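Welcome! Here are a few short exercises to work through with the model open beside you. Try each task before reading its solution.

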Amino acid sequence: MRAAIVEAPGKVSVTTVPDPTPGPRDVVVSVASCGLCGTDLHILQGEFAPSLPLVPGHEFAGEIVGIGADVTELAVGDRVAVDPSLHCHECRYCRSGRGNLCDRWAAIGVTVQGGAAEFAVAPVANCVKLPEHVDVRDAALIEPLSCAVRGYDVLRGNLGAEVLIYGSGTMGLMMLELAKRTGAAGVDILDINPDRLATADLLGCSRSASAADELDRPHGWDVVIDATGNAGAIQDGIGRVAKGGTFLQFGVADYATTAVIEPYRIYNQEITITGSMAVLHSFERAAALFAAGVLDPSVFISDRLPLEQYPQAIDRFKAGRGRKIVVQP
């Protein structure tokens with residue numbers, strides 16, 4: 001089969017690799033689409049992935065074309081979205097229901113071969129069957145949506161909150177859509193990319209700007225979300241949290257990224273700084289929200305490229321062009 005391969009840091013190509021073989025409780029998925037995200041750029045930099053070469057791709061969906069001997073829940077021909085999370089189910093975090101913090105955390109397309117290929121293997125337990133009306137080529141959006149749902153689980157909701165989101169890429173826009181549905185009084189978005197800001201306006205943000213100083217809110221925002229992973233945005237965002245408010249680190253920063261906090265301010269103003277790591281008990285809910293139309297795929301997916309153009313897709317994503325870019329075998 002054909003697959004994208006990150007051969008070494010900074011080096012990616014498309015080549016022929018052996019077809020995958022399912023284990024007893026696995027399925028083989030014929031990939032319909034696979035999304036690119038910031039994690040893929042980190043893998044290309046040599047971060048996250050424990051070893052290279054690796055087939056990337058943790059946002060994917062497709063049709064089951066093979067099943068392991070002990071699979072009874074799904075059948076060949078079923079269309080599924082795949083939760084890439086692989087937990088050990090044995091460490092103290094898994095046993096306490098915090099599998100996303102697993103001591104042996106792994107993920108399809110991050111630590112094991114992924115969905116940027118014609119076929120991919122996944123545990124049957126990680127597959128969610130899609131209803132007939134969902135286009136499987138759009139369903140790669142379910143995985144990032146499940147990460148956004150997890151983010152709002154961490155925030156625990158706050159009716160009437162004023163929300164500020166840094167970044168109007170795919171994840172920032174998903175956080176916008178969920179904020180509108182979790183009782184936010186207003187949702188402002190910042191980005192230095194005017195095309196992406198235009199999409200945020202299209203989706204109904206309250207205000208958009210290239211910098212927070214352009215917005216009139218001297219007391220700050222109740223909830224500030226970084227969806228960029230950018231050091232400058234993170235540092236600025238921490239300073240924009242209102243008294244009693246929360247800063248959510250949602251974007252994936254480089255390992256070396258640092259930010260300065262003011263401990264007295266954190267104490268005196270009862271500010272919460274927290275993070276949201278990947279997917280946790282949120283994939284099925286994201287699939288249900290997606291099926292109910294919480295996202296418009298035609299707005300979120302800006303580019304559909306053939307798998308053979310994976311290197312070009314990575315370059316386009318790295319340059320900040322478009323929104324969600326998917327490759328299709």
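**Exercise 1. Find the closest N and O atoms of the salt bridge between Glu177 and Lys180, then place the pair in the chain.**

Step 1. Glu177 forms a salt bridge with Lys180 (a side-chain nitrogen of Lys or Arg within 4 Å of a carboxyl oxygen of Asp or Glu), and the closest N and O atoms are 2.6 Å apart.

Step 2. The two residues are three apart in helix α4 (residues 170–181), so about one helical turn separates them. Helices here are DSSP runs of H or I with at least four residues, strands are runs of E with at least two, and both are numbered from the N terminus.

Step 3. Glu177 is buried, with a relative accessible area of 5%, whereas Lys180 is partly exposed at 35%. Buried means under 20% relative accessible area, exposed over 50%, and partly exposed in between, with a 1.4 Å probe and protein chains only.

Step 4. Glu177, Lys180 and Arg181 are linked in a network of salt bridges.

A note before going on: this is a predicted model, where local features need pLDDT of at least 70 and side-chain atom pairs count only at pLDDT 80 or more, while totals for chains, interfaces and linings use all residues. Residues are numbered from 1 along each chain as its sequence is written, and side-chain values use heavy atoms, with hydrogens and water left out.

**Exercise 2. Work out which parts of the chain the salt bridge between Glu162 and Arg217 links.**

Step 1. In this salt bridge, the closest N and O atoms of Glu162 and Arg217 are 3.7 Å apart.

Step 2. Glu162 lies in strand β10 (residues 162–166), and Arg217 in the loop between β12 (207–209) and β13 (221–226); the pair links distant parts of the chain, 55 residues apart.

Step 3. Arg217 counts as partly exposed, at 28% relative accessibility.

**Exercise 3. Trace the order of the open sheet of six strands, and find the strands at its edges.**

Step 1. The order is β12-β11-β10-β13-β14-β15, with parallel pairing. Two strands pair if DSSP finds at least two bridges between them.

Step 2. β12 and β15 (272–275) stand at the edges with a single partner strand each, so one side of each has no neighbour in the sheet.

Step 3. Strand β14 (residues 241–249) pairs with β15 over four bridges in the parallel sense. Leu248 stands opposite Thr274 in β15.
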